[in-house]
Amino acid sequence: MERSFVQNIFKYRRWWISFSLLLATFGAWQASSIGFVYDLEQFFPANDNEVRYLDKFHRELERDDLFVLVAFENKPSIYDRAFLKRVHDYTLAVRKHPKVSKAEGLTTFREPLKTPFGYRLRALIQIKEPQTYAYDSLNIAQNPAVWRQFVSENHDALAVTIKMNNQLSQVETDAFQAYLDSLAVAYHFKDVVHYGGVITTQSVFVQKIKSELLLFISLSIVLVTIVLWLLYRTFWGVLVPLVTVVLALVVFLGYLGVTRQDFNIMSTMFPTLMLIFGMSDIIHLQSKYIDGLFKGMSQRESILLTLKEIGLALWLTSLTTAIGFASLLSSSTPAIQQFGINAAIGVLIAYAVVVVFGSATLAFFSSTQLQKSKEGSLRWEKFSLKLFQINQKHPKKIAAIVLCIIVFSLLSLPLINTNSYLLGDIPERSRLRYDFHFFETSFSGVRPFEMAIEPKNQRSIFDVDVLKETLKLSQYLEQNHHIQSLYSPAKIVSRFYQLSTSDSTNPLPPDAASLSELTTQIEKSEGRLFFKLWNKEGNYGRISGRIKDAGSDSLTIQIAEIKAWMASNIRTDIVSFRPTGSVLLVDKNHEYLRKNLFYSLAFAFVLVALIFAWLFKDWRMVVVSIIPNLIPMLVAGAALAVTGIELKAVTSVIFTVSFGIAVDDTIHFLTRFKLQRQKGESVEQALRETFVVSAKAITITTLLLVVGFISLVFSSFTGTYYVGILICVTLISAWLADIFVIPQLLYFFNRGSRLADKTDV
């Protein structure tokens, strides 16, 4: 770090502190504009053909995520006049909401019936005639249009499906959920109501994000404060680093506010990350400053030496960590890209605040104000020397243990689980998860299944051959893949035909004239259909249903089976069918995660290797620096494989976070070793002094990082919970690699040499 800059920090430290406080005040003001979102499309792979096709599907027809499912239990049976009346009134009340396009349930559903005077609509149940309930229940159980769509399997719950006019903003989503809750209270359903669908999930997730953001900030600060007190035992020794990292966090939040970015499920980790990375920097700075003071230096001399020797290391650690996060830009997922670039900027903000505000503030304090006594430093020195002696005495044991860990981790990597569920990030023991299971077991489920219909050669959706192929596929999906509540143009035509004739041998009209009459009636009643199954030109349509959430891997196998069946059984010269839908795109993103994770980490390793090559000017030091940072990555992969935790958008970031942190400690260790070698010390002497100076800071920062990340286990989001555990595991493995692997590698590359000659690294 430039000497003039270092001197200016000390000389104008009051100005630097004032500037930092003003910047933080501005940041706090801007942070107030940050919102909270849960946008499923942020997890779609960008610039992907499937995404572009889904956009076309939505334009031609309608979005598949505009639905809210509301169910009401009434045990032992729904066939109770008062209950049916309340459900009916609730449905009519929901229809009046300006954002609602349609709301349909058993009591409002009408089915067409052909009479001598034409078609008329009939109700499936007469609410005012309880004497017909037994007969009505038999008809309902045999009616595919309502069975498990509006009526539960055991006849003890009714569902109302609500379709919105268009996609809602977060504010509108929260307001609509509050409206549904108020209706549930008004119609005495508060204790028996269940919700499902993306809109409800979005509202619940955002409320959780808000509450957990405050939880993580508070918990991280409390835990870090406790550790700082145990380490330093003085008021200022705790307050200076704590205020520094809080200022860094506030400035970062100000950056998010200025750039008009909102919090999502991934960015809830930002406060923890900022506190942790800032704390890592300030502890290295403060430890070195205190050591200088205990050696008899003045405050000016100690802070100048600290910035000179530690400043470059802090810059390199921040740069390499930022590179690790920035490598996430190679991901195809916008949410991960945004997380990566914001985390990279956050690391650099933390570095700037620590160097400017932290060092300027530390320069005002004496050693006894920052640390209770020198005895603490002496205990750390003894601990560090003990670690050094272990490296001296047990090189073969260390090598054997490291080799076993590497082999085990490599063998475990193919077992990493990428099978994701819609329930994956839904908080455990939450009402949302309970409701999801309720719809899975009692109704058709929540997970949508969508296929596009594309007639060939100028044919219409209602072309007789197209209908035959569509009906054939629809029946296959129901019978072989248990897709329920399935709607398609062919199913609608078949239902109309069955209701208008006694012909039980043909599912579709036998001639073009009969079909023309039916399609005319269907097109007239299109406005009453709950799902938009074809476009206005009639040359594009959909098959829409619901499927059990068996996991993304299971759905991938199903899609492959369906495609194979279509290749053998569907006349592709007449019509083609293509799986699509929002949930399918989220599943596909996990395939990209596996591919991009390798490329992004490889990119980060190459850049970091170049930095080490520039710093040390020796290929052997590049090898020494890279190997210890591969081990935590392998351990992270093995931890995923052994625990069975899903590799998905949230958990995938553990590799990047772990890499950035592991590289930090490696840089501190090796830069200290290089400084000692430049003083003419032998490898043995340089290593000994490196342990005395750096092992303390590395251990303290690792301890603080583990304590900070362990706060994530209190998250109700399963992904965030697992991130907390896995990062703690990899942090410990990174510390072990730096303390025990680096020294052995340095010994290996300096065999037979204990002198400071030019052949040593």
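**Why is it called that?**

Tutor: Let's start with one pair: Val70 stands opposite Val160 in β5. Remember that we have a predicted model, in which local features need pLDDT of at least 70 and side-chain atom pairs count only at pLDDT 80 or more, while totals for chains, interfaces and linings use all residues. Residues are numbered from 1 along each chain as its sequence is written, and side-chain values use heavy atoms, with hydrogens and water left out.

Student: How do you know that β1 and β5 pair?

Tutor: Count the bridges. Two strands pair if DSSP finds at least two bridges between them. Strand β1 (residues 67-73) and strand β5 (residues 157-164) have 7 bridges in the antiparallel sense, so they pass.

Student: And what makes something a strand or a helix here?

Tutor: Each is a DSSP run, numbered from the N terminus: H or I over at least four residues for a helix, E over at least two for a strand. By that count the chain has 24 helices and 10 strands.

Student: Which strands make up the open sheet with β1 and β5, and in what order?

Tutor: The order is β2-β5-β1-β6, with antiparallel pairing. The edges belong to β2 (100-104) and β6 (193-196), each of which pairs on one side only. On average, neighbouring strands of this sheet are turned by 20 degrees against each other, direction ignored. For such angles, axes are lines fitted to C-alpha atoms (for helices, over the stretch in contact), and angles run from 0 to 180 degrees between N-to-C directions.

Student: Which helices go with this sheet?

Tutor: Helix α4 (residues 81-95) packs on the sheet, touching β1, β2 and β5, and its direction makes about 165 degrees with that of β2. Helix α15 (residues 431-442) lies across β1, β5 and β6, at about 90 degrees to β6. Contact in this sense is heavy atoms within 4.5 Å.

Student: Why is α16 called roughly perpendicular to α17?

Tutor: The axes of α16 (residues 464-481) and α17 (residues 489-500) come within 8 Å and cross at roughly 95 degrees. Under 35 degrees counts as roughly parallel, over 145 as roughly antiparallel, 65 to 115 as roughly perpendicular, and the rest as oblique. The crossing is in the third range, so α16 is roughly perpendicular to α17. From α16, Leu467, Thr470, Leu471, Ser474 and Glu478 make the contact; from α17, Pro489, Ala490, Lys491, Val493 and Ser494 do.

Student: What classes do the residues in that contact of α16 with α17 fall into?

Tutor: There are 5 nonpolar, 3 polar and 2 charged residues. Nonpolar covers Ala, Val, Leu, Ile, Met, Phe, Trp, Tyr, Cys and Pro; charged covers Asp, Glu, Lys and Arg; the others, Gly among them, are polar.

Student: What makes Ser409 buried?

Tutor: Its relative accessible area is 2%. Buried means under 20%, exposed over 50%, and partly exposed in between (1.4 Å probe, protein chains only), so Ser409 is buried. Ser409 is found in helix α14 (residues 395-412) and touches Leu634, Val635 and Ala638, not counting residues up to four places away in sequence.

Student: Then why is Val198 called partly exposed?

Tutor: Val198 has 27% relative accessibility, so it falls in the middle class. Val198 is in helix α7 (residues 198-232) and, leaving aside neighbours within four places in sequence, is in contact with Asp65 and Phe67.

Student: What makes β7 largely enclosed by the rest of the structure?

Tutor: In β7, 7 of the 9 residues are buried. Strand β7 (residues 447-455) pairs with β10 over 6 bridges, in the antiparallel sense, and Ala452 stands opposite Arg578 in β10. With strand β9 (residues 541-547), β7 pairs over 7 bridges, again in the antiparallel sense; there, Glu450 has Ser544 as its bridge partner.

Student: Where do these strands stand in their open sheet?

Tutor: The order is β8-β9-β7-β10. At the edges are β8 (484-487) and β10 (575-580), each with a single partner strand, so one side of each lacks a neighbour in the sheet. Neighbouring strands of this sheet are turned by 15 degrees on average, direction ignored.
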